Amino acid sequence: MRSWMKMLKELTLRPKVHQVRKSPAYSFDEDLAKPVSGQKAKEILSKSSDIVFREFYLQGKESIPCLMAGVDGLVDKNLLDQFVLKPLMVDLPGRRELAQLTLSNVVDSTIQYLLPGLEIKKISKLSDAINAILSGDAVIFFGESKEAIVIGARGWANAGINEPVAESVIKGPHEGFTETLRINTSLLRRKIKHPSLRLISLKLGELTNTDIVVTYVDKVASPDIVSEVLKRLSTIKMDGVLESGYIEEMIEDFPYSPFPQIAYTERPDVLAGKLLEGKVGIMVDGTPIVLVVPAILTQFLNVNEDYYQRAMTAVLFRFVRYIGAFIAVTAPSVYIAVTTFHQEIIPTDLLMSISAGREGVPFPALLEALLMTIVLEILQEAGLRLPRPIGQTIGIVGALIIGDAAVKASLVSPLMVIVIGITAVSSYAIPYYDLSLAVRLTRFPLMILAGSLGFFGVAVGFYAGLIHLLSLRSFGVPYMSPIAPMRIRSLLQDTFVRAPWWAMKRRPQLLEIENPQSGGKGKE
Amino acid sequence: MGTTFLPVASIVSSAGGRDGWMIVLPAFILGIPYGLMVLSLLSQFPNKNLLQVSEIVFGKGIGKLIGVLYILITGYFGGLLLGQVGDIYERSIMPLTPISLFYLGTIILVFYLCKSGIEVFARFSEVIFPLIILALILNLTLSISRIEPGVLLPILSEGVMPLFWGGLKVAPFVMEYILFMAGILAFLPTDMKEIGQLRREVWRAVFLVGILDMFVAFTQILVFGPFETTRIVYGLLVLGKMVEVSRTVAGVESLFLGVWLGALVIKISAFLFTVVWGLETVMNLKGLKWEIAVCAVFMGIAFGFVRGSVLISEISFVDNYLILPFTTIWILGLWGTARWKKGKNIRGN
């Protein structure tokens, strides 16, 4: 019994330090803390066929044997041949310093006189050398020297910069993040060319050694939020981080809530916009998804294109999205409540038409709606996982053929098909997929409550959801702000409506930021 | 704001007839001095609720006695309000659904809200309040076509004395909030600037709620006439039932009831909070089990009590003969004694 309780506790209660799937102990673990050694590095890495080693003598001097190591496919071979091996191996007469090369001064002299590259770093620990090699850099070891040189020679093939499929825009930049962290940071840097843009590098994952970059704009982001992000990231101890989703679950405030508490984006312009609002970005190598914290509910219903369109147009689109989200949550439950308990609300003509449509349908409205919603979920999931052309076919088969046949067979009423159809279309108006999923999830309990208690049940479900949303926080920021706690200026400036750029004089009120003036086009 | 808008018209018209609406705002204004007295005690005894202050000012024995009375009155009233939820739903739109389900649904919400803490409670009220205002405005404006202005005339034909008695019946509404303020005091900021802000908010809240309730009473008297307004206990629900737009939108009281449920949840939660704070202060009983126990007591009172007009009479009785005298005497006595003791100390020094 006690072991069951312990297991339940482990599965449900999130610890303060996340020790997930600890990596095993290896024979070379102790060596990693020691000073650099080419031989040791070769011993540790030579069992992997993709690691290449090149032995040579510096400037032809047999007294200084060198070993260069890198990962085949990750390093740029042309760069190493032309700008590293050539200057190191070919004697360059005429420099007095090179004639006096010894093991004690070789590293400094090589950096100063021989290597022309920009990204060159001196290291002294074996673990740093191993990490650098496995991250795609090249490392040069010099005989028995206690120091080595890391050369930034990363040059692997990548997918290139494309427009993100999930965040496409009509008006606005069409570039998206890639799977390569350094390209992503460069895309961000192109947007914010100011020294206040901070990029803090970390490594997570004991086996994957994944590069993470925490980014924010100094004096704009709250120092408390930045330090909280770094603190939470430092509590993650796991063997591998393959996607930003791994981190998301570890650092969010309420892991059991269906609502997303961390925003994400694949677009550099969106990230730049959020950083300028005082938020903090978390970039993970190997994925184009960048996490943005803190997040609030209304942010998930706004898109960056709102800021590129004219203010009035943006207001209209936002209104449509909010209405869409409301319909997506409530439409089936309201239909069930009205047809089951509150027929008095329906105009007589419509009531007659509904009754005629429901004639012959053997199920109660609740069962009918649940059935249709489950079929819709199955169709959506099936369409999502299949190749795109087949996915479209699934949509046609599901919506037209099955839907039509179900109505003709009197399994469901035509109005129910319309309601579920409107619900599905409305949920597509929610721009963030994570929020759309949360909405889909909350629909089911609401329908059951509506089927058993009518509008009272809908109200109870709605208020319970509201209390849940009000109790959520994202990195200390209330999730429902600026609705509650109410911030009138934020509400009028950039929540339900989007004020013209010249009127957005201050950054969002919900973040305690050091510099509230937006510095945009707003007049003082 | 709570749920004062539901019975206010019936109460004032029973006392003041067609002129009853005039007394709503003045009766609410009675809350201002009491609110200010409570806030003055906050600056004198920071981070303490008035039960703790009572123990300091009156001594432990009398303080505990006041605490027990506070728990009993607020607990009983909270249970009656829970009963009111079931009563409203059963009588208006869902007569065939077992009343226990309304109690259960509401108490779960109330418990969840209280468990989420006072901050979430405040935010919940912040979200629901505009919905209540919107629903009230819709209710009132959509009833304009049914108004008969003649029922208001002649004005003050019975003199002003009926209005005075009517005011005494509305005053307990304000005292309900004073009771809640007495408990929440420990959570309020004690900075002088913020106390000043709280004082301004007391004025603002009293006037806003008073004016809105006055309009609710005014409209109901105009639509139903004074006699019918007195007879219909939940006139606002009937008003909602009568809402009709071009014969397309009709019978939407079930939608309005959703909003009124939010208001009732706020009010019952407020009384759950007061009982929980009282138990913690007076008897040092705190924790989840005691909160569940209070919810169970609320359910027991709701189940045990008769419904309909008897329930309304009982709520009026508690308001008029328990909450009003208890709060007026307690707060006034506490404030006066605390001032007197403070003055004596200053002179002594």
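**Exercise 1. Two helices of chain A**

In which hand, left-handed or right-handed, does α13(A) pass α18(A) in their crossing? Describe the packing of the two helices as well.

*Solution.* The model is predicted, and the steps below read its geometry.

Step 1. Two packed helices are described by the angle between their axes and the distance between the axes.

Step 2. Take the helices α13 (residues 311-340) and α18 (residues 433-471) of chain A: their axes come within 8 Å and cross at roughly 25 degrees.

Step 3. Angles under 35 degrees count as roughly parallel, and α13(A) and α18(A) are therefore roughly parallel to each other.

Step 4. The crossing in which α13(A) passes α18(A) is right-handed.

Step 5. Now list residues at the contact. On the α13(A) side they include A:A328, A:V329, A:P332 and A:I336. Among those they meet in α18(A) as a group are A:V439, A:L446, A:G451 and A:F455.

**Exercise 2. The sheet of five strands**

Work out the strand order of the open sheet in chain A, and state which strands lie at its edges.

*Solution.*

Step 1. The order is β2-β3-β5-β6-β4 (chain A), and the pairing is antiparallel.

Step 2. An edge strand pairs on one side only, and in chain A this holds for β2 (51-57) and β4 (120-123).

Step 3. From one strand to the next, the twist averages 20 degrees.

Step 4. Add the helices. Helix α4 (residues 77-89) of chain A packs on the sheet and touches β2, β3 (65-71), β5 and β6 of chain A. The direction of α4 makes about 30 degrees with that of β2(A).

Step 5. Helix α7 (residues 126-134) of chain A lies across β2, β3, β4, β5 and β6 of chain A, and runs at about 145 degrees to β5(A).

**Exercise 3. Strand β6 and its neighbours**

Which residues of β5(A) and β4(A) stand opposite A:A148? Describe the surroundings of β6(A) too.

*Solution.*

Step 1. On one pairing, β5 (residues 138-142) and β6 (residues 148-151) of chain A run antiparallel and are joined by four bridges. Here A:F141 stands opposite A:A148, and A:I140 has A:I149 as its bridge partner.

Step 2. The connection between β5(A) and β6(A) is a hairpin with five residues between the strands. In the turn, A:G143 has a positive phi of about 45 degrees.

Step 3. On the other pairing, four bridges link β4(A) and β6(A) in the antiparallel sense, with A:I123 opposite A:A148.

Step 4. Check the faces of β6(A). A:A148 and A:V150 on one side are buried, as are A:I149 and A:I151 on the other, and both faces are covered.

**Exercise 4. Two cysteines of chain B**

How many disulfides does the model hold over all chains? Test B:C114 and B:C295.

*Solution.*

Step 1. A disulfide is a covalent bond between the sulfur atoms of two cysteines. The cut-off needed is a sulfur pair within 2.5 Å.

Step 2. The count over all chains comes to zero disulfides. For B:C114, the nearest cysteine sulfur is that of B:C295, 6.9 Å away, and B:C114 is in no disulfide.

Step 3. Read from the other end, B:C295 has the sulfur of B:C114 as its nearest, and B:C295 is in no disulfide either.

Step 4. Buried means under 20% relative accessible area. B:C114, at 11%, is therefore buried, and B:C295, at 7%, counts as buried.

**Exercise 5. A loop residue**

Where is A:V303 placed in chain A, and which residues does A:V303 touch?

*Solution.*

Step 1. A:V303 is in the loop between β12 (290-293) and α12 (305-308) of chain A.

Step 2. The relative accessible area of A:V303 is 24%, so this residue is partly exposed.

Step 3. Not counting residues up to four places away in sequence, A:V303 touches A:R321 and A:P431.

Step 4. A:V303 and A:E167 are 136 residues apart in sequence, while their C-alpha atoms are 8.8 Å apart in space.

Key: Residues are numbered from 1 along each chain as its sequence is written. Chains are lettered from A and ligands numbered from 1 in the order in which they are written. This is a predicted model: local features need pLDDT of at least 70, side-chain atom pairs count only at pLDDT 80 or more; totals for chains, interfaces and linings use all residues. Side-chain values use heavy atoms; hydrogens and water are left out. Buried means under 20% relative accessible area, exposed over 50%, partly exposed in between (1.4 Å probe, protein chains only). Two strands pair if DSSP finds at least two bridges between them. Axes are lines fitted to C-alpha atoms, for helices over the stretch in contact, and angles run from 0 to 180 degrees between N-to-C directions. Contact means heavy atoms within 4.5 Å. Angles under 35 degrees count as roughly parallel, over 145 as roughly antiparallel, 65 to 115 as roughly perpendicular and the rest as oblique. A crossing is left-handed if the near helix is turned anticlockwise from the far one by less than a right angle, and right-handed if clockwise.
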